[in-house]
Amino acid sequence: MALLLVAMTAFPALAGGKGGKEGGSGGESQGAMWATLAGPREVVVAPPQASESLGTVAVIATMWAGSGSAKCRVNFVVENYSSANVALGFIARTFGAKDELVDNWVVSVAALPPSGRTGRLFSCTLGATQLTIVPTAGYDWPPAKCVKAGEETEMCPLTLKLTSTVPIALGKEEKKPEKPEDKKAKK
């Protein structure tokens with residue numbers, strides 16, 4: 001099972017399928033549908049500090065579903081290419097075509113050593129057209145910190161590289177439905 005997840009992470013196109021009449025359902029796979037959406041698939045966020053970066057922390061989000069499937073899976077792989085032990089905390093959100101919230105997942109890594117790699121696998125709902133991440137409480141932007149001795153965390157100059165099979169829209173907020181009194185006030 002672990003080998004299968006590694007293969008799907010390394011080759012996202014295989015994870016999503018190629019569409020067509022696979023699996024006997026006759027429908028196009030979600031992986032092929034996500035491939036047609038416009039938008040950036042990779043975003044690099046430099047550290048806010050003026051000092052030189054200690055390296056990169058990569059977050060790879062791979063979303064896939066088989067043809068005819070009613071649900072999908074999303075795998076978040078975190079890789080530490082920096083020289084420091086790092087901690088990470090963010091909420092990943094997907095939005096649909098009408099900017100409605102489709103899914104939320106909390107991804108938290110307490111400590112990842114240099115050259116370390118870990119993953120988080122979640123279920124997801126079909127219909128996502130954009131992905132964003134928001135730091136959890138205790139994290140700023142980018143949502144990664146260095147881990148000191150004693151498991152204490154502190155801000156440090158880390159570069160964040162976010163890669164996704166779904167277009168990335170950093171800073172996107174959930175669209176709040178209008179209240180009935182708001183609609184009356186606009187008339």
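**Note on salt bridges, disulfides and one polar contact**

1. Threonine 165 is placed in the loop that runs between strand 10 and helix 4 (180-186). In this predicted model, threonine 165 has a relative accessible area of 16% and therefore counts as buried, the limit being under 20%. Its side chain reaches the backbone nitrogen of methionine 63, at a distance of 2.9 Å.

2. The count of salt bridges comes to four. Among them is the pair of glutamate 42 and lysine 161, whose closest N and O atoms are 3.8 Å apart. This pair links distant parts of the chain, since glutamate 42 belongs to strand 1 (residues 42-45) and lysine 161 to strand 10 (residues 159-164), 119 residues apart. As for accessibility, glutamate 42 is partly exposed, at 46% relative accessible area. Lysine 161 is likewise partly exposed, with a relative accessibility of 31%.

3. A salt bridge is also formed by the side chains of glutamate 79 and arginine 117, with an N to O distance of 3.1 Å. Glutamate 79 is in strand 3 (residues 71-80) and arginine 117 is in strand 6 (residues 117-125), so this salt bridge ties together parts that lie 38 residues apart in sequence. How accessible are the two partners, glutamate 79 and arginine 117? Glutamate 79 is buried, at a relative accessible area of 10%, whereas arginine 117, at 46% relative accessibility, is partly exposed.

4. Lysine 148 and glutamate 152 meet through their side chains in a salt bridge of 3.6 Å, N to O. Lysine 148 is partly exposed, having a relative accessibility of 34%. Glutamate 152 is partly exposed as well, its relative accessible area being 48%. The pair belongs to a network of salt bridges in which Lys148, Glu152 and Glu154 are linked.

5. Two disulfides are present in the structure. One of them is formed by cysteine 72 and cysteine 124, with 1.9 Å between the sulfur atoms. Because cysteine 72 lies in strand 3 and cysteine 124 in strand 6, this disulfide ties together parts that are 52 residues apart in sequence. Cysteine 72 is buried, with a relative accessibility of 1%; cysteine 124 is buried too, at 1%. The two strands thus named also carry the partners of a salt bridge, glutamate 79 in strand 3 and arginine 117 in strand 6.

6. A disulfide also joins cysteine 146 to cysteine 156, with an S to S distance of 1.9 Å. Which hand does the disulfide of cysteine 146 and cysteine 156 have? The torsion about its S-S bond is about 85°, and the disulfide is therefore right-handed. Cysteine 146 is located in strand 8 (residues 144-147), and cysteine 156 in the loop between strand 9 (153-154) and strand 10, with 10 residues separating the pair. Cysteine 146 and cysteine 156 are both buried.

7. A point on connectivity concludes this note. When the bonded cysteines of the protein chain are numbered in sequence order, the pairing reads 1-2, 3-4. The disulfides in question are cysteine 72 with cysteine 124 and cysteine 146 with cysteine 156.

Terms used:
Residues numbered from 1 in each chain as written. Predicted model: local features only at pLDDT ≥ 70, side-chain atom pairs only at ≥ 80, totals over all residues. Heavy atoms only, no water. Helix = DSSP H or I, 4+ residues; strand = E, 2+ residues; numbered from the N terminus. Buried < 20%, exposed > 50% of the residue type's maximum accessible area, 1.4 Å probe, protein only. Polar contact = N/O pair within 3.5 Å; in protein donor to acceptor, adjacent residues only side chain to side chain. Disulfide = S-S within 2.5 Å.
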